[in-house]
Amino acid sequence: MSDVAITALLIVSLFALLGSSVWIGLTLAGVAWIGMELFSSRPAGDAMAVTVWGSSSSWTLTALPLFIWMGEILFRTKLSESMFRGLAPWVGRLPGRLLHTNVIGCTIFAAVSGSSAATCATIGKMTLPELGRRGYPEDITIGSLAGAGTLGLLIPPSIIMIVYGVTADVSIARLFVAGVIPGVLLAALFSGYLGLWSLFNRRRVPPPEPAMSLVQKLHESRHLIPVVLLIGAVLGSIYAGVATATEAAAVGVVGALLLSAAQRSLNWTTFRESLMGATRLYCMIALILAGAAFLTLSMGYIGLPRNLAEFVGSLGLSPFGLVVALTAFYIILGCFLDGISMVVLTMGVILPTVQAAQLDLVWFGVFVVIVVEMAQITPPVGFNLFVLQGMTGKEITWIARVTAPFFLLMCVALLMLWWFPGIATWLPSKM
């Protein structure tokens, strides 16, 4: 069979299994099994056993469950309430006023959580009731939360960066540091848009709250001290070279437990719920990673990645043309798969092409994460849209519509990343 026919068969098998509600990890392993049995002389069972064990026993991957557990612990503390109290006095006089708490809150919480959905849900529980009570419009409130919630994937520690680092064999510490400036840039774009929106919609923005003195603002800012210390401990230990990403994750877990104990929200119930929640989420991700590793091996034996790389190379695309094509590819794929599945499913095929185009793999990792962020607010499988639908009861199409401006801002961020690659590569070069 030709490569086109083999690829078509595997794609049909993939979507047939996904459409029949088979778990994504098992679907990937099933498609890999079909490929190896039909088009390879290597025994599929032996290959699967070796690959699944190898992908599951990686020491680098240990950071993933630890960061997930850290986010689960913080999700059950009073961190969100404290963050709102600390941020609100400083944004009350900006254009857009308290709408900026969505962006700043998500930016701060993203630095102590590696999950977009956890960031969106945690900050949403804090800001949506408060902003609604103060009379802020639902459309811009929910839209800005959905957009800013995606920062949980880009600002380190990031689960998707760990997954990319493992699958692409790239330093996770360098990826973490590379995501800092793009994350802050994206947050600035979101806040800038909120300011412009408020200038053109003055009547929809509630009047400012009573002014506070500088002393009062500083007094309220004391609520931000715990989260700032935790961020400093996690990222500072990585940037200073004191700890690897895995060791920094352990520091984050200990810090989260201490913070939870200090706020008197740590008890046996919350400890157990956080541990079980992290275990369930990690087991899902680990199964997907194992299935994707087997699929990558299967496609390697069939020769599809090499042939695809040769095909793309024969098209004569410039590096910019390749990036544009990959952006469109990932956005379309994001309509059907979650971010982790997108990364692990495609890296085995895409990386040879990216390396042939001589694109920096750290830069490409940041690019992939931003595109995956865009998929988080793309229907029908936009995780942030699902989270907000459950929280607000709104139709998912309405939520997608009010989130569209933030999708476009992410496109602007991608163009800036291409024109100025140092946005992603400068800070890692200083490590």
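Where is Gln-358 found? Look in the loop between helix H19 (339-356) and helix H20 (361-375). Keep in mind as you browse that this is a predicted model.

Gln-358 has a backbone quirk: its phi is positive, near 60 degrees, even though the residue is something other than glycine. Arg-264 does the like, with a positive phi of about 60 degrees and no glycine identity to go with it. You'll find Arg-264 in the loop between helix H15 (245-262) and helix H16 (268-302). Here's how the two sit side by side.

| Residue | Phi | Relative accessible area |
|---|---|---|
| Arg-264 | about 60 degrees | 78% |
| Gln-358 | near 60 degrees | 73% |

Exposed means over 50% relative accessible area, so Arg-264, at 78%, counts as exposed, and Gln-358, at 73%, is exposed too.

For a contrast, take helix H4, which covers residues 63-75. From its first C-alpha to its last, this helix of 13 residues reaches 18 Å, close to the 18 Å expected at 1.5 Å a residue. Is H4 enclosed or open? Because 10 of its 13 residues are buried, H4 is largely enclosed by the rest of the structure. Among those buried residues are Phe-67, Ile-68, Trp-69 and Met-70, along with Gly-71 and Glu-72.

Now for the cysteines. A disulfide is a covalent bond between the sulfur atoms of two cysteines. How many disulfides does the count come to? With a cut-off of 2.5 Å between the sulfur atoms, the count is 0. Cys-106 is buried, because its relative accessibility is 0%, whereas Cys-411 is partly exposed at 26%.

Methods:
Residues are numbered from 1 along each chain as its sequence is written. This is a predicted model: local features need pLDDT of at least 70, side-chain atom pairs count only at pLDDT 80 or more; totals for chains, interfaces and linings use all residues. Side-chain values use heavy atoms; hydrogens and water are left out. Helices (H or I, at least four residues) and strands (E, at least two) are DSSP runs, numbered from the N terminus. The expected span of a helix is 1.5 Å times one less than its number of residues. Buried means under 20% relative accessible area, exposed over 50%, partly exposed in between (1.4 Å probe, protein chains only).
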